[in-house]
Amino acid sequence: MAKGDFLFTSESVSEGHPDKVCDQISDSVVDIFLAADPTARVACETLATTNRVVLAGEVRGPASITKDQLIEAARQRVKAIGYEQEGFHWKHAEVECLIHKQSVDIAQGVDAAGNKDEGAGDQGIMFGYACRETEELMPAPIQYSQQILKSMADARHSGSTPDFGPDAKSQVTLQYVNGKPVRATSVVVSTQHSEKISQEEVREIVRPHVLKVLPKGWMCSEENFYVNPTGRFVIGGPDGDCGLTGRKIIVDTYGGAAPHGGGAFSGKDPSKVDRSAAYAARYVAKNVVAAGLAERCTIQLSYAIGVSKPLSVYINTDGTGQVDEEKLAKVIQDMVDLSPRGIRTRLGLSKPIYARTASYGHFGRAPEADGGFSWEKTDLAQDLKKAF
């Protein structure tokens, strides 16, 4: 994020957004395989459209996991999201599974053998970021956008907003003064709803969720509070718009406030550095900020397929650093094994913890007792302080 005075906007989408439906189904497949075998390999893509879901991809895991089991998992995920609509229903939608075995060419590059350590599942660049704009050390626009939709979803699941459907989007624009957010200048929320309620009723049901999330006094003016700007949002979800895995990567990360390497997370087991190395980069960046070594921290990692160690480690504290960045990069590599195996071991990534990450952001979440969101821990901060 730049210094000075400016406006910055981030958006989020709900669990019922067509692309997020697909992300959650793909990650449910990952969880099934990792629950059966922590060393399983999964690359699962999902497509969803009107009353149809298609699973495709490559896996290596227990033969006991059947296509029928994966199809049922997809149905149960759609049911949990809340789709029981004429155009998209968990029970009546046709679900097709085209998943097949992983290529041996990929497997030989990734697997450990002899003196060769486990290699990265692909080439690529991954970024991590943290800043002091929120308690979660996340950029404020994306964090508030996520939390507004999560609050609305919780109300829908509890039954307190029965006229809301699963599909929704939010967008928050914040004013920054001297590089720090001070208030919202506009808020946009679009939510699927039943035909029973009016536009004004939708607006008033949404309002308390926005007020609850934004800091006190930050609410935008009434004319810049947009709720369902088109005036009607009855047909939604995959019935209204085709969904695909991996199309919401900026929503999944930092809302555009930091770079993104380009690779999606959902549907991939932790041998794929698109996912695991992005989690590791967030973990390190968050600990750098939590340790007080910088107000903002961006970290880039790069990998080659079949090679275990990162090819490069880049750190940028955007002029807010309290220590030398070159030394910081060296200290981090001494403290944290950034190979795929090292990342997976340190963060405990070989567990069925992924379906929950596929909506409302992979970052800025609380670490969970079973290992979920382990990359949000700040257990490295004290060691970093001591090193300097």
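**View 1. Side chains along strand β13 alternate between two faces.** In this predicted model, strand β13 covers residues 312-316. V313 and I315 point to one face and are buried. S312, Y314 and N316 point to the other face and are not buried. In a regular strand the side chains alternate between the two faces of the sheet. The partner shown with β13 is strand β12, residues 296-303, and the two pair in the antiparallel sense over five bridges. One bridge joins T298 to N316 in β13. N316 is thus seen twice in this view, as the bridge partner of T298 and as one of the residues on the face that is not buried.

**View 2. Four strands form an open sheet in the order β1-β8-β9-β10.** The pairing in this sheet is mixed. β1 (6-13) and β10 (225-227) stand at the edges, and each has a single partner strand, so one side of each is left without a neighbour in the sheet. Direction ignored, neighbouring strands are turned against each other by 15 degrees on average. β1 and β8 run antiparallel and are joined by eight bridges. Within this pair, S12 stands opposite S170 in β8. Strands of a sheet pair through backbone hydrogen bonds, either parallel or antiparallel.

**View 3. A second open sheet has the strand order β6-β3-β2-β11.** This sheet also has four strands and mixed pairing. Its edge strands are β6 (94-101) and β11 (243-244), each of which pairs on one side only. Strand β3, residues 52-60, runs parallel to β6, and eight bridges join the two. L55 has C97 in β6 as its bridge partner. Helix α2, residues 67-81, packs on the sheet and touches β3 and β6. The direction of α2 makes about 130 degrees with that of β6. Helix α1, residues 18-36, lies across β2 (41-49), β3, β6 and β11. Relative to β2, α1 runs at about 150 degrees.

**View 4. The largest pocket is lined by 21 residues.** Its volume is about 370 Å³. Q85, G165, P166, Q192 and V234 lie nearest the centre of the pocket. At least two lining residues come from each of β4 (84-85), α4 (140-158), β8 (164-177) and β9 (180-193). β8 supplies the largest share, three residues. By class, the lining of this pocket has six nonpolar, 10 polar and five charged residues.

**View 5. The largest cavity has a volume of about 80 Å³.** There are three cavities of 30 Å³ or more in the model. The largest cavity is lined by 14 residues, and those closest to its centre are F127, H260, G261, F265 and A278. β7 (124-131) and α7 (273-290) each supply at least two residues of the lining. β7 gives the most, with three residues. The lining of this cavity comprises eight nonpolar, five polar and one charged residues.

**View 6. The second largest cavity encloses about 70 Å³ of space.** Its lining includes S14, L149, M152, A153 and R156. F164, G165, P166, A168, T191 and Y360 also line this cavity. α4 and β8 each supply at least two of the lining residues. Seven of the lining residues are nonpolar, three are polar and one is charged. G165 and P166 appear here as lining residues and also in View 4, among the residues nearest the centre of the largest pocket.

**View 7. P270 lies in the loop between α6 and α7.** Helix α6 covers residues 249-252. P270 counts as buried because its relative accessibility is 2%, where buried means under 20%. Leaving aside residues up to four places away in sequence, P270 touches L34, S276, R344, L349, S350 and Y354. One of these contacts, L34, belongs to helix α1, residues 18-36, the helix shown across the sheet in View 3. Another, S276, falls within helix α7, residues 273-290, which also supplies lining residues to the largest cavity in View 5. P270 and H193 are 77 residues apart in sequence, and their C-alpha atoms are 37 Å apart in space.

Methods
Residues numbered from 1 in each chain as written. Heavy atoms only, no water. Pairing = 2+ DSSP bridges. Contact = heavy atoms within 4.5 Å. Axes fitted to C-alpha atoms, helices over the stretch in contact; angles between N-to-C directions. 1 Å grid on protein atoms, 1.4 Å probe; cavity = no way out; pocket = protein on both sides within 12 Å on 5 of 7 lines; lining within 4 Å. Points joined across faces, edges and corners; volume = space filled by probe spheres on them. Nonpolar A, V, L, I, M, F, W, Y, C, P; charged D, E, K, R; others polar. Buried < 20%, exposed > 50% of the residue type's maximum accessible area, 1.4 Å probe, protein only.
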